[in-house]
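Trainee: I would like to practise reading a structure. Can we go through some labels and ask what earns each one?

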Amino acid sequence: MAKVENKTSLVDRLAWNIIIPVALLALISLYCIYVAALGDPSHIGSPVRAVVMQALWYLISVAIVIVVMQFDADQLFKIAPIFFGIAIFLLIAVLFLYNRSVAADTGAKSWFKLGPITFQPSELMKPAFILMLARVIKDHNDKYGHTIRTDWLLLGKIIAWLAPVAILLKLQNDFGTMLVFIAIVGGVVLVSGISWKIIIPIYGMVIIGAIAIILLVVTPGGQSFLSHFFQAYQFERIKSWLDPSGDTSSGAYQLWQSMKAIGSGQLFGNGFGKASVYVPVRGSDMVFSVIGENFGFVGCVVLILIYLYLIVQMVRISFDTRNVFYSYISTGVIMMILFHVFENIGMNIDLLPLTGIPLPFVSQGGSALLGNMIGIGLILSMKFHNRDYMFSTAGDF
């Protein structure tokens, strides 16, 4: 890798096509959290306090993004094991120091609590895992190239690095977050160079397995079998997904209220600041219902288009860098954000079961925002350092 003199101005080196949509999502977040707090001050707190807290998390996240984007590909490659090690340590620590009250409410032992602040270390693991996965694939491909035998070896390495994360998340009863890591791996494997002779059968088996699980979920005998692997609250979420109107006073109440709020907005919404329909945990998991109630179908489409624009621009920056290590990172970040968007919106409209997955850059909460913003920092690093390096081959940094 050879460095070349960079005469591009600082402003030109910033990826404004990434910064602007994220800034729009930040403004939407502050508005949604304010409205959610109007309808549920007992859970979220006063509207002003809730907005100020989210704004402070955004300021902290922006500072971290500025730091992350200073790291070029060489430096990111070197720090990946350190970052991953810190995240693993935190995932282990939370098993002993988890907040008992949060665990009682959610069923997951995945939150630290320091005074009024809660933090979920699995959110930090997401970008750490993406970096480590990109390093493992880059290092393997440089050493072994691609044959059927070496591709199987690479797949084994990927599974080996995923295994400790999966085990720790299982011990925390955090199945929803585990799905994010599976999505990240699924996306990165597609661009890793592994032969389609391996990928197609494996993905085929995954699809068949998913269909089999769905069939088990919808039958009494299947539910009895799956009860050995899933918690009772997870089955409640599945039941509410299958029949949201079946018992709207207990397990399906949150989903039913979200659907009522979104449906009440109809085409153009009920207007600014409306929180007529009570939705539990509206500031975080069910924040999409605020958009639906206030701005209707049109507002929901606009929000989705902002996410679509952001994803497309991340793909463009990845191609512009001509750096395979960065391409693995960007694929992981894109899959992380894309899965969050798809799952969160899907569970708000009963397309998918409730999993507690937040809406990126919009949902209330600091740890999820930090994880996603670190991902954005990695993407900004690609544009920031794009002109710093001269690439002699596709495999070079």
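**Labels and their reasons**

Mentor: This is a predicted model. Start in helix 7, where D142 and K138 sit 4 residues apart, about one turn of the helix.

Trainee: What makes D142 and K138 a salt bridge?

Mentor: Their closest N and O atoms are 2.4 Å apart. The cut-off is within 4 Å, so the pair qualifies.

Trainee: Why is K138 called buried?

Mentor: Its relative accessibility is 4%. Buried means under 20%, so K138 counts as buried.

Trainee: Which other side chains meet in helix 7?

Mentor: E123 and K126, 3 residues apart. Their salt bridge has an N to O distance of 2.9 Å. E123 is buried at 3% relative accessible area, and K126 is buried at 1%.

Trainee: How do you know that E293 and R282 pair?

Mentor: Their N to O distance is 2.5 Å. That is within 4 Å, so it is a salt bridge. This pair links distant parts of the chain: E293 lies in helix 14, and R282 in the loop between helix 13 and helix 14.

Trainee: How many salt bridges does the rule give?

Mentor: The count comes to 4.

Trainee: Why are helix 4 and helix 16 called roughly parallel?

Mentor: They pack at an angle of about 30°. Angles under 35 degrees count as roughly parallel, so the label fits.

Trainee: What kinds of residues make the contact of helix 4 with helix 16?

Mentor: There are 13 nonpolar, 5 polar and no charged residues.

Conventions:
Residues numbered from 1 in each chain as written. Predicted model: local features only at pLDDT ≥ 70, side-chain atom pairs only at ≥ 80, totals over all residues. Heavy atoms only, no water. Axes fitted to C-alpha atoms, helices over the stretch in contact; angles between N-to-C directions. Helix = DSSP H or I, 4+ residues; strand = E, 2+ residues; numbered from the N terminus. Parallel < 35°, antiparallel > 145°, perpendicular 65-115°, else oblique. Nonpolar A, V, L, I, M, F, W, Y, C, P; charged D, E, K, R; others polar. Salt bridge = Lys/Arg side-chain N within 4 Å of Asp/Glu carboxyl O. Buried < 20%, exposed > 50% of the residue type's maximum accessible area, 1.4 Å probe, protein only.
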